[in-house]
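Me: I would like to understand how the labels given to a structure follow from their definitions. Could we go through some of them slowly?

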Amino acid sequence: MEFEDLVQTRRSVRGFKKQAVPRAVIEAIIDVAKRAPSSMNTQPWHVHVLTGAPLEEVRRRNMEEMIAGAKVKRDIISHGEYEGVHRGRQVDIAKKLFGAMGIARDDKPMRQDWVLRGFRQFDAPVSLVLTYDRVLDPGAVCHFDLGALCYGIVLAAWDRGLGSVINGQGIMRSDIVREVARIPEDEVIMTCVAMGYPDDTFAANAVRSDREENRDFVRYVGFAE
């Protein structure tokens with residue numbers, strides 16, 4: 001599949017088949033993704049791939065803590081609640097997803113269940129936890145590098161028939177992830193990628209988010225009219 005086709009067809013997958021993902025496939029995906037741009041070739045990233053019992057423990061404890069009202073405990077600084085145009089876009093995609101899943105506006109139990117799916121990493125069979133070297137903090141540049149690696153992972157996965165969703169909810173309790181996955185203290189947990197074979201019967205998988213028109217966020221300087 002050509003790169004443009006990959007970008008145009010790829011979508012976040014929120015429903016997965018109960019089918020294991022072979023380690024060799026994940027290794028091939030990472031082999032491609034690690035060619036992502038990296039500032040001065042510093043390659044600040046680490047990938048911790050979880051499946052089976054360790055992943056089940058992470059999602060169970062993460063969900064239980066959040067249900068109990070525990071505070072979010074992420075390694076990276078959070079922006080807090082979205083506001084303005086950013087909040088508007090967040091609400092728009094939520095409406096699409098709830099509409100596809102038949103979740104009514106006043107159906108609080110179903111809405112909560114949807115949130116809990118996020119804490120469970122959408123029950124995906126694999127989770128790739130992305131970290132960077134703590135010595136690089138405060139690190140907007142290494143954050144950029146991890147973003148490039150992350151996008152490379154999801155595109156390489158899609159090319160191999162695997163769906164994924166970049167999922168901050170899955171590491172809301174980064175202390176639990178660190179303990180279970182035995183991630184060293186000198187690494188900062190950035191985000192995770194839930195991955196597996198898409199369940200085409202899951203309605204939300206057909207949902208695609210809207211994107212702004214180029215004219216609303218792109219400026220061309222120095223070009224002839």
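**Labels and their cut-offs**

Reply: The side chains of R59 and E56 meet in a salt bridge, with N and O 3.1 Å apart. The model is a predicted one, in which local features need pLDDT of at least 70 and side-chain atom pairs count only at pLDDT 80 or more, while totals for chains, interfaces and linings use all residues. Residues are numbered from 1 along each chain as its sequence is written, and side-chain values use heavy atoms, with hydrogens and water left out.

Me: Why is the contact of R59 and E56 called a salt bridge?

Reply: The term asks for a side-chain nitrogen of Lys or Arg within 4 Å of a carboxyl oxygen of Asp or Glu, and the N to O value for R59 and E56 is 3.1 Å, so the pair fits the definition.

Me: What makes R59 buried or exposed?

Reply: Buried means under 20% relative accessible area, exposed over 50%, and partly exposed in between (1.4 Å probe, protein chains only). R59 has 5% relative accessibility and therefore counts as buried, whereas E56, at 43%, counts as partly exposed.

Me: How do you know how R117 and D123 should be labelled?

Reply: R117 has 11% relative accessibility, so it counts as buried, while D123, at 31%, counts as partly exposed. These two residues also form a salt bridge, their closest N and O atoms being 3.8 Å apart.

Me: Why is strand β4 described as largely enclosed?

Reply: Ten of the ten residues of strand β4 (residues 187-196) are buried, so the strand is largely enclosed by the rest of the structure; strands here are DSSP runs of E with at least two residues, numbered from the N terminus.

How values were computed
Helix = DSSP H or I, 4+ residues; strand = E, 2+ residues; numbered from the N terminus.
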